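Student: Please take me through one part of this structure closely. I would like to look at the largest pocket.

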Amino acid sequence: MRLERGAPIGVIGAGAMGSGIAQVASTYGHPVVIVDANAQAVERAAAQFGRAIQREVEKKRLDAAAAAATVARVHWHHGVSASGLDVLADCALVVEAVVENLEVKRELFASVERVVGADCVLATNTSSLAVAAIAAACTQPERVLGAHFFNPAPVMPLVEIIPWLGTAPEVTTQTRALVDGWRKTTVLATDTPGFIVNRIARPFYSEGLRMHDEGIADPATIDWAMRELGGFRMGPFELMDLIGHDVNFAVTRSVFEALFYDPRYKPSITQQRLVDAGMLGRKTGRGFYDYREGATRPQATEDPTLGAQIVERILVMLINEAIDAVLWRIASPADIDLAVTKGVNYPKGLLAWGDDLGLDHVLFTLAALEEEYGEDRYRPSALLKRMVREGRRFT
């Protein structure tokens, strides 16, 4: 194992995520080799990287000399063929940040393994695919794990570290220590669909969509309620527009299918239609909101009673999901609350929030929704029932 400060790092994928990971590693003194199959993507990413570092200088987070050294440590390459990957031969860690397609990732990992050293750690930045399935393509699968950064990687503090069943313990320990040294907040997650954040956060979007589909409130009103009354930085509809509906819908569908069509994660037809129409949000100019020049933002109905109902319904679904993640040992309670505050900027950890709201109240509200709709999506977690019955709290 060579995971130490200054060790060479490889990044595959010159998109926003790959470039961001490269910026983090190079800022902390690592020489970085970044490879992408698309020559234009490499050229574009290199230019954007230079501008990003210059902004760090302007904001006085880096001095001119440190900025120049950071840029000089990153080497950009085009091509991911067998010969093109040879530039990764001396890397101690290679992080893959390419398209969320299992077969693409499996083929890539098998190719990378043939050119790197026997002690090189291979990490996938997948947000929802099974790390075990990716590792299975390797002859040394014990050196593979997930290292899920959040976008933009230089800004967002959270990294989910995800060992699969066969990851060598020292690989997990040393990778986590390395990323901690980059002043990131790491949490340990099991190799389950969506890991911590992308699993627990699903109701933030899906329950907002559900209330919109039922006509309870429009997107502007739901977003207003979650921001102004719930304390969230963004409401679900403006956040989906920012993420991109193609990306957000794909993660929802991936988690839904991977969990054997559990109705709690059922995708929305409304969001599917936006994807079908190419209305992907900010990046295409239209999503739930119209971002084209001259467009007017719809006004929210600022009704405190309605707003409180909206916040409560989404919040109890989120809390229930977090409690179920504890039940299924997705992560520790501490890491779950850390993940949602650092990874998606929730105003409070969901388990602590459940304690404050009252777990008995959360259970009562979920039971009422389950009774009203007759749907399994509202089923309370067995752990929630148990804790209410025993009078226990998380904090």
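Tutor: Here is the largest pocket, with a short look at the second. This is a predicted model, where local features need pLDDT of at least 70, side-chain atom pairs count only at pLDDT 80 or more, and totals for chains, interfaces and linings use all residues. Residues are numbered from 1 along each chain as its sequence is written, and side-chain values use heavy atoms, with hydrogens and water left out.

The largest pocket holds about 1400 Å³ of space. Its lining has 49 residues, and Met17, Phe150, Asn151, Ile243 and Val247 are the closest to its centre. A pocket here is an open set of points on a 1 Å grid over the protein atoms alone, where a 1.4 Å probe fits, with protein on both sides within 12 Å along at least five of seven lines; lining residues have an atom within 4 Å of a point. Grid points are joined across faces, edges and corners, and a volume is the space filled by probe spheres set on the points.

Now the elements. Helix H11 (245–258) is one of those that supply at least two lining residues. Others include helix H1 (16–27) and strand E6 (144–149). H11 gives the most, with 6 residues. Helices (H or I, at least four residues) and strands (E, at least two) are DSSP runs, numbered from the N terminus.

By class, this lining has 27 nonpolar, 15 polar and 7 charged residues. Asp, Glu, Lys and Arg count as charged; Ala, Val, Leu, Ile, Met, Phe, Trp, Tyr, Cys and Pro as nonpolar; the others, Gly among them, as polar.

The second largest pocket holds about 760 Å³. There, H2 gives the most to the lining, with 8 residues.
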